[in-house]
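Reader: I'm in my first year and still learning to read these pictures. Could you pick one part and take me slowly through it and whatever lies around it?

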Amino acid sequence: MEASSEYAIVYLLPEPAWSYYLDLWAKLEREFRLTGDSRPNIPPHITLKYIFSADTVDEVEQALAVFSRETAPAPWSIRGFNHFITPDSYVIFLEVIATTAARAIHSALLACMRPIQGLQWDVYDNADLHFHATLAHRALTRANFNEVWSFVNAQEPPAFDLSLDTLTLLKIDGPVHTVHKTFRLVGGVD
């Protein structure tokens, strides 16, 4: 039997949002040394289904294949910066604005995944998810947050109109996330 691996379902940012994200991430790293890495270990993305463990993802792949054939793409966008602050966490991110149609895709995706036996669910795996593309969280603290947040807000804010047209299954190996398989949403496309 194969050892259990971790996965997540995400939307990978397309160009030019991909390059914008990587450029800003590199500026943050040069200025503040938040991770010690020269490039992020995770491709620029928006999380749709948080981390789950599985011995095999065959059933998840089958469900995503059917879902993508039956689901039409929807618009959404990235506009500006935002942040989360909790008692034990600081996060700075690109703000994602989801249309009603994009939210409907997300809700339907979660409903499609729920019947899969053994799939774990995170508190954030819900229809009210605050969509975002995380720029910084590791090494953000109460001591450095305001300085990093000010630096981010001094940058040219992102403004990208996107299409929620793909779902990507990421495989997670410690800090490194790699593309396992991508599914293109084609429902309603002749």
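Author: Let's start where a helix stops: R33 follows α1, and its phi is positive, near 50 degrees. Before going on, bear in mind that this is a predicted model, where local features need pLDDT of at least 70, side-chain atom pairs count only at pLDDT 80 or more, and totals for chains, interfaces and linings use all residues. Residues are numbered from 1 along each chain as its sequence is written, and side-chain values use heavy atoms, with hydrogens and water left out.

Now back into the helix. Helices (H or I, at least four residues) and strands (E, at least two) are DSSP runs, numbered from the N terminus. α1 covers residues 17-32, and its 16 residues should span 22 Å at 1.5 Å a residue (the expected span is 1.5 Å times one less than the number of residues). The C-alpha atoms at its ends are 22 Å apart, so the two agree.

Just ahead of α1, in the loop that comes after β1, sits E15. Its side chain makes a polar contact with the side chain of S19, at 2.7 Å. (A polar contact is a pair of N or O atoms within 3.5 Å; within protein, one must be able to donate a hydrogen and the other to accept it, and residues adjacent in sequence count only if both atoms are side-chain atoms.)

Which residues of α1 are buried? They are A17, Y20, Y21, L22, L24, W25, A26, L28, E29 and F32. Buried means under 20% relative accessible area, exposed over 50%, and partly exposed in between, with a 1.4 Å probe and protein chains only. What covers these residues includes β3, β4, β5 (132-136), α4 and β6, where contact means heavy atoms within 4.5 Å.

Let's visit some of those covers, beginning with β3. It runs antiparallel to β4 (residues 89-98), with nine bridges joining the two; strands pair if DSSP finds at least two bridges between them. A hairpin takes the chain from β3 to β4 through two residues, and F84 stands opposite V91 in β4. β3 is also joined to β6 (residues 159-164), antiparallel again, by six bridges. There W76 stands opposite L162.

W76 is worth a pause, since this takes us to the rings. The structure holds nine aromatic pairs. Rings of Phe, Tyr and Trp (its six-membered ring) pair if their centres lie within 6.5 Å; planes under 30 degrees apart count as stacked, over 60 as edge-to-face and the rest as tilted. Y11 and W76 have ring centres 5.2 Å apart and planes at 70 degrees, so they are edge-to-face. Because Y11 belongs to β1 (residues 5-12) and W76 to β3 (residues 74-86), this pair ties together parts 65 residues apart in sequence. Both Y11 and W76 are buried.

Another of the covers, α4, has a pair too: F145 and W149 are stacked, 6.2 Å centre to centre with 10 degrees between the planes. These two are four residues apart in α4 (residues 145-153), so about one helical turn separates them. F145 is buried at 4% relative accessible area, and W149 is buried at 18%.

Finally, back to Y11 and W76: together with F131 they form one aromatic cluster.
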